[in-house]
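Good morning, and thank you for coming. I would like to take you through one structure, beginning in its middle and ending at its surface.

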Amino acid sequence: MLMRAFHTVRYRVTNMFGKAALRRKGVKLGIGVGLNGLPIVTMAKESAIELGEKVVLCSESYSTDLGVSRPVILRTLRPGARISIGKNSGLSGTVICAAVEVIIGAECLFGADVTIVDTDFHAIRAQGRRNNTNPDDIAALPISIADNVFVGAGSIILKGVSIGKNSIVGAGSVVTKNVPENVVVAGNPSRVVKKIETS
């Protein structure tokens, strides 16, 4: 009973101060956004992060059954980059890095410690790779995740991927190619293992 009261107070304080800090950074927050712990958010100049109505970010293990090994991390890396998360979506220890664009639909679920990146971060060309920050040398392609997608714990979604509505990404998968709607994919690299009945 005492622990429940403690977590309730902690949640309210975190939300009040955490949401104020996000707004100061320029994050657009929909009504009812919830913060379980404080996320890490950094934004490039002239970039955008939008959290839809009732989006929940779980950054501490007490707030999710599986626990998380890190807080939610949202980063825009270049001017003009955008992260948009649709209403009623939930993220647990999820990392999203956008050099171009990561768009997530409504009602999506992200299990513990999912990683979503639309960039290679470094050049493929070997010479000078470590210190090369020229965007023209670093591949980046937008990511699109449709409504009602469930991404299992520890999965990685890489640049240029589109995931269709209602689909499921099995835990620990590495998604390198487009996923159609209404399927389950799993593995490294992921492949379709099952169709989902929708009627």
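**From the middle outwards**

I begin with a single pair of residues: I96, in strand 9, has I116 of strand 12 as its bridge partner. Please keep in mind throughout that this is a predicted model.

The two strands just named, strand 9 and strand 12 (residues 115-117), pair in the parallel sense, and three bridges link them. Strand 9 also pairs with strand 6 (residues 73-76), again in the parallel sense, this time over four bridges. There, I96 of strand 9 is the bridge partner of L74.

Are the faces of strand 9 covered or uncovered? Both are covered: V95 and C97 are buried on one side, and I96 and A98 are buried on the other.

Let us now widen the view. Strands 3, 6, 9, 12, 15 and 18, in that order, form an open sheet of six strands with parallel pairing. Strand 3 (40-42) and strand 18 (174-175) each have a single partner strand, so one side of each is left without a neighbour in the sheet. Strand 18 runs parallel to strand 15 (residues 156-157), to which two bridges join it. Within strand 18, V175 stands opposite I157.

I turn next to strand 10. Strand 7 runs parallel to strand 10, and four bridges join them. Strand 10 also pairs with strand 13 in the parallel sense, over three bridges. I104 of strand 10 stands opposite I85, and I104 has I145 of strand 13 as a bridge partner. Which residues of strand 10 lie on its covered face, and which on its uncovered one? V102 and I104 make up the covered face, while E101 and I103 make up the uncovered one.

We come now to the nonpolar residues. In soluble globular proteins, nonpolar side chains tend to be buried together. In this model, the largest nonpolar core has 35 residues, and those touching the most other members are L51, L74, I116 and I145. Several strands supply at least two residues each to this core, among them strand 4 (48-51), strand 9 (95-98) and strand 13 (143-145). Setting aside residues up to four places away in sequence, I145 touches a number of others, including I103, I104, F110, I116 and I157.

F110 leads us to another sheet, for its bridge partner in strand 14 is V151. Strand 14 (residues 150-151) pairs with strand 11 (residues 109-110) over two bridges, in the parallel sense. Both strands belong to an open sheet of eight strands, ordered 2-5-8-11-14-17-19-20, whose pairing is mixed. At its edges are strand 2 (34-36) and strand 20, each of which pairs on one side only.

Strand 20 (residues 190-195) contains K195. Is K195 buried or exposed? Its relative accessible area is 66%, so K195 is exposed. Apart from neighbours within four places in sequence, K195 is in contact with N182 and V183. From K195 to S167 the C-alpha distance is 8.7 Å, although 28 residues separate the two in sequence.

Finally, I wish to point out a nonpolar patch on the surface. V13, M16 and F17 form this patch, and together they have about 320 Å² of accessible area. V13 belongs to helix 1 (residues 2-25). With a relative accessible area of 40%, V13 is partly exposed.

Thank you for your attention.

Methods:
Residues numbered from 1 in each chain as written. Predicted model: local features only at pLDDT ≥ 70, side-chain atom pairs only at ≥ 80, totals over all residues. Heavy atoms only, no water. Pairing = 2+ DSSP bridges. Buried < 20%, exposed > 50% of the residue type's maximum accessible area, 1.4 Å probe, protein only. Contact = heavy atoms within 4.5 Å. Core = buried A, V, L, I, M, F, W, Y, C linked by side-chain atoms within 4.5 Å. Patch = residues over 30% accessible without salt bridge, like charges linked within 9 Å, V, L, I, M, F, W, Y side chains within 5 Å. Areas by Shrake-Rupley, 256 points an atom, 1.4 Å probe, with all protein chains shown as cover. Salt bridge = Lys/Arg side-chain N within 4 Å of Asp/Glu carboxyl O.
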